[in-house]
Amino acid sequence: MYLLLAHGPNLNLLGERKPEVYGTTTLADIEAEVAGVANGRGAAVLCFQSNHEGALIDALHSYRRVVDGVVLNAGAWTHTSVALRDAIEAIQLPVVEVHLSNTHRREAFRHRSLIAGVCIGQVTGLGRDGYRVATNLLLDYLEGRP
Ligand code: DQA
């Protein structure tokens, strides 16, 4: 089983970007943690991050026949990108949406997710722990567990 851990814009700066909101964990820390959870359940993780919307969409297209599911923190594109929403729908893979911060407690423009309706679930506001939850959720789903 292969999972894709994908991140959108500005998430390469985790650890230094607004630590009071996103914590001090780096993207490398998160990638290692997700790999650890997945490896412990017999799955492997491929990681991708981009600050370019089309590059993320291209990656989802390219990986669609390589991986079994996706853990995705799309960052700000969550709230703006119909193209990303359509890409998620088009690849026909289970995708779990993750956010470090509780987007519903923040500015109104972060309350709406354009991608939630094409994801199997959303984990928001649990900080780095949310990735562990999302990875286990995705693997449970792929293993056919309720
Ligand atoms: C985020 C929330 C988004 O609103 C924001 O644009 C991000 C990070 C999060 O992980 O909390 O870049 O996805």
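This is a chat about a ligand and the pocket around it in a predicted model.

Q: What kind of model is this, and what pLDDT do local features need?
A: A predicted one: local features need pLDDT of at least 70, side-chain atom pairs count only at pLDDT 80 or more, and totals for chains, interfaces and linings use all residues. Residues are numbered from 1 along each chain as its sequence is written, and side-chain values use heavy atoms, with hydrogens and water left out.

Q: Which residues surround the ligand?
A: Arg-17, Tyr-22, Asn-73, Gly-75, Ala-76, His-79, His-99, Leu-100, Ser-101, Thr-103 and Arg-110. Each has a heavy atom within 4 Å of the ligand.

Q: How does that shell split by class?
A: 3 nonpolar, 6 polar and 2 charged residues. Ala, Val, Leu, Ile, Met, Phe, Trp, Tyr, Cys and Pro count as nonpolar, Asp, Glu, Lys and Arg as charged, and the others, Gly among them, as polar.

Q: Which atom of Leu-100 is 2.8 Å from a ligand oxygen?
A: A polar backbone atom. A backbone N or O atom of Ala-76 lies 3.1 Å from a ligand oxygen. For Arg-110, a side-chain N or O atom is 2.9 Å from an oxygen of the ligand. A polar contact here is a pair of N or O atoms within 3.5 Å.

Q: How much of the ligand does the protein bury?
A: 99% of the 320 Å² that the ligand exposes taken alone. Areas use the Shrake-Rupley method with a 1.4 Å probe.

Q: Where does the ligand sit?
A: In the largest pocket, meaning more than half of its atoms lie within 2 Å of the pocket's grid points. A pocket is an open set of points on a 1 Å grid over the protein atoms alone, where a 1.4 Å probe fits, with protein on both sides within 12 Å along at least five of seven lines; lining residues have an atom within 4 Å of a point.

Q: How much space is in there?
A: About 160 Å³, counted as the space filled by probe spheres set on the points. Of the 16 lining residues, the closest to the centre are Tyr-22, Gly-75, Ala-76, His-99 and Arg-110.

Q: New topic. What does UniProt mark as "active site"?
A: Tyr-22 and His-99, in an unreviewed entry. They span 78 residues in sequence, yet their C-alpha atoms are no more than 9.2 Å apart, so they gather at one spot. Both are in the lining of the largest pocket.

Q: And which residues are under "binding site"?
A: The unreviewed UniProt entry lists Asn-73, His-79, Asp-86, Leu-100, Ser-101 and Arg-110. The farthest two C-alpha atoms are 24.1 Å apart, so they do not all gather at one spot. From this set, the pocket lining takes in Asn-73, His-79, Leu-100, Ser-101 and Arg-110. UniProt annotations may be inferred rather than shown by experiment.

Note on methods
A polar contact is a pair of N or O atoms within 3.5 Å; within protein, one must be able to donate a hydrogen and the other to accept it, and residues adjacent in sequence count only if both atoms are side-chain atoms.
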